[in-house]
Amino acid sequence: MKATVRWSSLLVLLALPVGCGGGGQSTLEEVLTLAVPGRFVAFSSSDPDLVDGDANGVEDVFVVDRLKNQRIWISQGANGPSFDPDITPDGRYVTFVSKATNLTGIVNGQPKIYCCDLTTKEMVLVSKAPSSNYYAPRISADGRFIAYRRVKNFTGYVHLWDRVTDEVIMSGSC
């Protein structure tokens with residue numbers, strides 16, 4: 001299996017052994033995001049053997065705490081695919097894209113951006129416009145800001161969301 005690892009802004013291509021996740025013979029390309037110190041790794045996978053009870057049959061987002069040797073299922077219970085995670089260096093905040101309709105009550109099935117606080121276990125919908133597709137979330141080191149892409153009517157926009165105020169503070173077309 002191949003994976004792209006994002007370490008700050010450096011992209012590295014790694015060859016991971018087949019079934020490295022949890023016993024399954026996963027052959028999907030997975031995106032891994034390493035927090036700068038390397039303790040936390042956020043990734044997405046459709047391998048059902050990574051955690052007990054993963055029977056939703058879709059791609060999910062996970063975080064591995066390498067110090068505690070612990071795997072955390074971020075998109076647990078999602079009824080649609082979740083992918084493209086990013087994580088703060090301290091491992092507290094994880095942002096990702098999901099097409100699930102049951103994470104926060106949005107039911108249109110279009111890709112949305114979410115932010116999960118691993119300390120409080122709170123899941124927040126970042127992208128709120130109902131008729132757009134959202135992609136490529138990137139979170140600031142302190143977890144306050146999330147930049148992401150929005151596509152509506154074949155036009156792309158870049159937004160910057162402030163977690164503290166729950167507002168988009170900057171947007172522009174691209």
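In what sense do β7 and β8 pair, and over how many bridges? The pairing is antiparallel and extends over 4 bridges. The legends below describe close-up views of a predicted model.

**Figure 1. Overview of the predicted chain and its strands.** The chain contains 14 strands and 0 helices, so that its pattern along the sequence reads β-β-β-β-β-β-β-β-β-β-β-β-β-β. Of its 174 residues, 44% are buried. The exposed area of the chain is about 8800 Å², of which carbon and sulfur atoms supply 55%. Among contacts between residues at least 6 apart in sequence, 31% join residues at least 24 apart.

**Figure 2. Confidence along the chain.** The mean pLDDT of the chain is 79, and 76% of the residues score at least 70. Among the elements of the chain, β8 has the highest mean pLDDT, 96, whereas strand β2 (residues 10-15) has the lowest, 30. The pLDDT is below 50 over residues 1-30; in the model this stretch nevertheless has 63 contacts beyond near neighbours in sequence.

**Figure 3. The open sheet β7-β8-β9-β10.** This sheet consists of 4 strands in the order β7-β8-β9-β10, with antiparallel pairing. Its edge strands are β7 (82-87) and β10 (122-125), each of which pairs on one side only. From one strand to the next, the twist averages 25°. Strands of a sheet pair through backbone hydrogen bonds, in either a parallel or an antiparallel manner.

**Figure 4. The hairpin of β7 and β8.** These two strands form a hairpin with 5 residues between them. Within the turn, Gly-91 has a positive phi of about 75°. Across the pair, Ile-87 stands opposite Val-94 in β8.

**Figure 5. Pairing of β9 with its two partners.** On one side, β9 pairs with β8 in the antiparallel sense over 6 bridges, and Phe-96 stands opposite Tyr-114 in β9. Strand β9 (residues 112-117) is also joined to β10 by 4 bridges, and these two strands run antiparallel. In this second pairing, Cys-115 stands opposite Val-124 in β10.

**Figure 6. Enclosure of strand β8.** Because 6 of the 6 residues of β8 are buried, the strand is largely enclosed by the rest of the structure. Both of its faces are covered. One side carries Tyr-93, Thr-95 and Val-97, and the other carries Val-94, Phe-96 and Ser-98; all of these residues are buried.

**Figure 7. The largest nonpolar core and a second core apart from it.** The largest nonpolar core has 15 residues, of which Val-63, Ile-74, Ile-87, Val-94, Phe-96, Leu-103 and Leu-118 touch the most other members. Two or more residues each are given to this core by β4 (40-45), β5 (60-65), β8 (93-98) and β9. Another core, of 11 residues, lies apart from it and includes Phe-83, Val-126, Ile-146 and Trp-161. In soluble globular proteins, nonpolar side chains tend to be buried together.

**Figure 8. Surroundings of Leu-103.** With residues up to four places away in sequence left out of the count, Leu-103 touches Ala-78, Phe-96, Ser-98 and Tyr-114. Two of these contacts, Phe-96 and Ser-98, belong to the buried side of β8 that also carries Val-94.

**Figure 9. Two aspartates with positive phi.** Most residues other than glycine have a negative phi. Asp-84 has a positive phi, near 55°, and its place is in strand β7. With a relative accessibility of 17%, Asp-84 counts as buried, because the cut-off is under 20%. Asp-166 likewise has a positive phi, near 55°, but lies in the loop between β13 (155-162) and β14 (167-173). The relative accessible area of Asp-166 is 39%, and this residue is therefore partly exposed.

**Figure 10. Contacts of Lys-152.** Lys-152 lies in strand β12 (residues 145-152) and counts as partly exposed, at 29% relative accessibility. Leaving aside neighbours within four places in sequence, Lys-152 is in contact with Ser-131, Ser-132 and Tyr-157. Lys-152 and Ser-131 are 21 residues apart in sequence, while their C-alpha atoms are 7.2 Å apart in space.

Key: Residues are numbered from 1 along each chain as its sequence is written. This is a predicted model: local features need pLDDT of at least 70, side-chain atom pairs count only at pLDDT 80 or more; totals for chains, interfaces and linings use all residues. Side-chain values use heavy atoms; hydrogens and water are left out. Two strands pair if DSSP finds at least two bridges between them. Axes are lines fitted to C-alpha atoms, for helices over the stretch in contact, and angles run from 0 to 180 degrees between N-to-C directions. Buried means under 20% relative accessible area, exposed over 50%, partly exposed in between (1.4 Å probe, protein chains only). Contact means heavy atoms within 4.5 Å. Accessible areas come from the Shrake-Rupley method with a 1.4 Å probe; for residues, only the protein chains shown count as cover. A nonpolar core is a set of buried Ala, Val, Leu, Ile, Met, Phe, Trp, Tyr and Cys residues joined through side-chain atoms within 4.5 Å. pLDDT is the predictor's confidence in each residue, from 0 to 100.
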